[in-house]
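This report goes through one protein chain, from its overall make-up to a few of its parts. Please keep the sequence and the structure at hand while reading.

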Amino acid sequence: MPISPRRRLRRLARSLRAMLPSAAAPDSAADAATGDERRAWEPPFDASAPAPPMSYPITDLAALASRTYLSAAANFHLPFNRASVPGPASALPPRRRVLVCHDMEGGYRDDAAAQGGANPDAYALWYWHLIDVFVYFSHYLVTLPPPCWTNAAHLHGVKVLGTFIAERDEGAEWDKGTEVCKEMLATETSAQMYAERLTELATVLGFDGWLINIEVKLDVRFIDNLKEFVNHLTKTMHAAVPGSLVIWYDAITVKGELDWQDKLNKYNKPFFDVCDGLFANYTWKEKYPQDSAAAAGNRKYDVYMGIDVFGRNTFGGGQWTTNVALDLLKKVDVSAAIFAPGWVYEKKQPPDFESAQNRWWGLVEKSWGVLRSYPKQLPFYTDFDQGRGYQVSVEGQQVSNDPWNNISCQSFQPMLKYTGDQAQLQAFINFKDETYSGGNCLTVKGSLRQNIIFSEQVFNGGLGLEDGSIHIFYSVRADASSAVGLTVDLSSHKQSTSILVAEDIASFTRKKQNHKHDSYVKAVKVEPHAPENQDWIVYKATVQSSADYSLTGINIVCTLKIAGKTSPEPADDSISEANANGSSSYQASLGHISIRNTDTSTKFPPAESWVTEGEHISWSNRSDASKLVSLKLSWKLKTSDQPSFRKYNIYVESMADPNMKASKSYLGVASVDTFYVSGLEVTSEVTDLKFIIQACADDGTWQELDECPKFLLVPVHSEV
């Protein structure tokens, strides 16, 4: 990509950091401006030593060739960096697509902590329904996507690519990028070997391919081997990972010149012909998308025209006019590559990150529309968790009030429309109030007139149904005067129908808008696990389905309760105009939605079905009488035919006196079958530590703590 002032500043900052003994100089434009943050991963880095798990890149060819990253002995962090959610195995759809290239603050920031961190304001994405491909990008040789991004993207059906980049280093005594390419492309055999190393990394870590960016000038004698590198990488990726992608970035030409074409043409098409697509540089002109489509022929959707959100010489200006370029690409009918959408976060766009991000992605949606739909299969579960927050709850019970971030915890994200501050009633993701599960809930708040039913689409589905029934579970917390329910949209080739699901049917059916619902199903309360917590009420309802229908939409519906008559049948005398014209305050929240094809409880393997282990146990003394312990927990089922789980909550129970109740603390969440406990304080009175691993099923159900597998550790009381 053409060198910008922002990137020059990055490189200067990296050079300055290397000169400092502490290696603490900032390494991105944002860091250079603030000087008060450091990335979670910093070279030099001893990956073999037990430590809080980190994602990190590969910085030289020797490490890539030696497979060091994939060695359990050399890389303590390897098991933590495997994605736990499988990617979409199908090919990309035959339509224009959106590729998002995540280039923010040099990469490996809060997201580098594989078990999450403590920053509730960490960057996250929640507009996966507008994205087809997500690229994790940085300026290291081999950029490996942190597993949190892969997990969140895969959950929503989005493919994830890492980045291989060889680039010139302005101001250096020698051009490292050129030397890397000369070594890698010395022979056809070496080119194939390095391609295979990249394929191994993607396969083991669970992501879907690579963006290849060769941004140096090369002698033309290396070009045939460069084409073979791309060709072999594409073939080996396709063989190893169904649905995988290799995308070529528009920089070097087939003549070996570093000459950005800004479109697909004869100078870069030979690379395009042996891989899955071209990412055209973002300084293109108005006619270039059309030229690219003509050059691509029947592969026009594999051309991704770059758009730099920072607005550096990009068509339309980027930033808040990114949609100008998108509108043109939509008209030409080619794909888009949106570069650095973290601009809203880096540049602190007002009034706050959530509002700015919602507004910016709202422009993308308005231009191109929704690209993805879910639910696609059952069970379907969401607790609206964005992967960050100020608390953690499990089925209505708060287990932690500490701030946190971990994008691996994202559940399916609702497709809420950006409305700004003008709407009287707004639906939004709520970080402040207590949640039902995870760290967020979906809240509708504002003012509402008595005869109005407010409806907001939460998901647009694509789920084919079978004969029988589906079971819907959802949790609600609402003001006394606020009624809330769901509508389920079903469609067939003959007709469409909308079914209202709510406990208080009468408050909806007695309104003038009741004709919007073709039928209704009364929801009934589910007895809570903990009766003392009455903040959240869980409801369930059964909706009859047919193989002729698909579930095409899930909506939240809100209205004010009606005092008096409670019959669910619509009344002839609707709400009087006098009452209808007055507005009242409204607030209600959805804590979760779970849709299943059975209403029976999830059966978890009993504790004796698991094997638990503790490794790398390390004790150290504090200045007081207490000690600190660190260890790696791992667990697995004894037989392979038992179910696997997407995530696990980890607790520790400390026993100090047999006659006293044990103290239980939440430690964090694991997305793989291992967890690192770092610096846990153990007082001298503690006689036993019991680590509890709580599994979560696909329908959102958590195993009862008393039935979970455990690992027992006896503290070392002698001098350490």
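Among contacts in the protein between residues at least 6 apart in sequence, what percentage join residues at least 24 apart? The share is 76%. The model is a predicted one. In the protein there are 14 helices and 33 strands, and buried residues account for 57% of the 720 residues.

**Helix α4**

Helix α4 spans residues 147-155, and 9 of its 9 residues are buried, so the helix is largely enclosed by the rest of the structure. The buried residues run from Pro-147, Cys-148 and Trp-149 through Thr-150, Asn-151 and Ala-152 to Ala-153, His-154 and Leu-155. The cover over these residues includes three strands: β1 (98-102), β2 (133-136) and β4 (159-167). Gly-157, just after α4, has a positive phi of about 85°.

**Helix α10**

In α10 the buried residues are Thr-322, Asn-323, Ala-325, Leu-326, Leu-328, Leu-329 and Val-332. An α-helix has 3.6 residues a turn, so residues three or four places apart point the same way. Elements that cover the buried residues of α10 include the helices α9 (288-296) and α12, together with the strands β8 and β9 (335-339). Asp-333 follows just after α10 and takes a positive phi of about 75°.

**Cysteines**

How many disulfides does a search of the whole structure find? The search finds 0. Cys-148 is in no disulfide, and the nearest cysteine sulfur to it, that of Cys-409, is 9.8 Å away. Since a disulfide requires two cysteine sulfur atoms within 2.5 Å, that distance of 9.8 Å does not qualify. Cys-148, one of the buried residues of α4, has a relative accessibility of 5% and therefore counts as buried. Cys-696 is likewise in no disulfide; its nearest cysteine sulfur is also that of Cys-409, at 10.0 Å. With 6% relative accessibility, Cys-696 counts as buried.

**Aromatic residues**

The count of aromatic pairs comes to 36. Two tryptophan pairs are set out below.

| Pair | Distance between ring centres | Angle between planes | Class |
|---|---|---|---|
| Trp-320 and Trp-343 | 5.7 Å | 75° | edge-to-face |
| Trp-360 and Trp-361 | 5.0 Å | 80° | edge-to-face |

Trp-320 sits in the loop between β8 (303-308) and α10 (322-332), while Trp-343 belongs to helix α11 (residues 343-346), so this pair ties together parts that are 23 residues apart in sequence. Trp-343 is buried, with a relative accessible area of 3%. In the other pair, both Trp-360 and Trp-361 are buried. Trp-360 and Trp-361 are also members of one aromatic cluster, which they form with Tyr-123, Trp-126, Tyr-127, Trp-128, Phe-134, Trp-149, Tyr-345 and Phe-353. Trp-149 in this cluster is one of the buried residues of α4.

**Pockets and cavities**

The second largest pocket holds about 830 Å³ of space. Its lining is made up of 29 residues, and Glu-354, Ser-355, Asn-358, Phe-428 and Ile-429 are the closest to its centre. Helix α12 (353-368) and strand β15 (425-430) are the elements that each give two or more residues to this lining. By type, the lining residues are 12 nonpolar, 9 polar and 8 charged.

Rolling a probe the size of a water molecule over the atoms shows where empty space is left. The structure has 5 cavities of 30 Å³ or more. About 60 Å³ is the volume of the largest cavity. Its lining consists of Phe-80, Ala-114, Gln-115, Asn-406, Ser-408, Val-669, Ala-670, Ser-671, Val-672 and Thr-674. Of these lining residues, 5 are nonpolar, 5 are polar and none is charged.

**Asp-535**

Where does Asp-535 lie? It is in the loop between β23 (524-526) and β24 (537-545). Is Asp-535 buried, partly exposed or exposed? Its relative accessible area is 42%, so Asp-535 is partly exposed. Leaving aside residues up to four places away in sequence, Asp-535 touches Glu-434, Val-476 and Arg-477. The C-alpha atoms of Asp-535 and Gly-396 are 7.8 Å apart, although 139 residues separate the two along the chain.

Methods:
Residues are numbered from 1 along each chain as its sequence is written. This is a predicted model: local features need pLDDT of at least 70, side-chain atom pairs count only at pLDDT 80 or more; totals for chains, interfaces and linings use all residues. Side-chain values use heavy atoms; hydrogens and water are left out. Buried means under 20% relative accessible area, exposed over 50%, partly exposed in between (1.4 Å probe, protein chains only). Helices (H or I, at least four residues) and strands (E, at least two) are DSSP runs, numbered from the N terminus. Contact means heavy atoms within 4.5 Å. On a 1 Å grid over the protein atoms alone, a cavity is a set of points where a 1.4 Å probe fits but cannot get out, and a pocket is an open set with protein on both sides within 12 Å along at least five of seven lines; lining residues have an atom within 4 Å of a point. Grid points are joined across faces, edges and corners, and a volume is the space filled by probe spheres set on the points. Ala, Val, Leu, Ile, Met, Phe, Trp, Tyr, Cys and Pro count as nonpolar, Asp, Glu, Lys and Arg as charged, and the others, Gly among them, as polar. Rings of Phe, Tyr and Trp (its six-membered ring) pair if their centres lie within 6.5 Å; planes under 30 degrees apart count as stacked, over 60 as edge-to-face and the rest as tilted.
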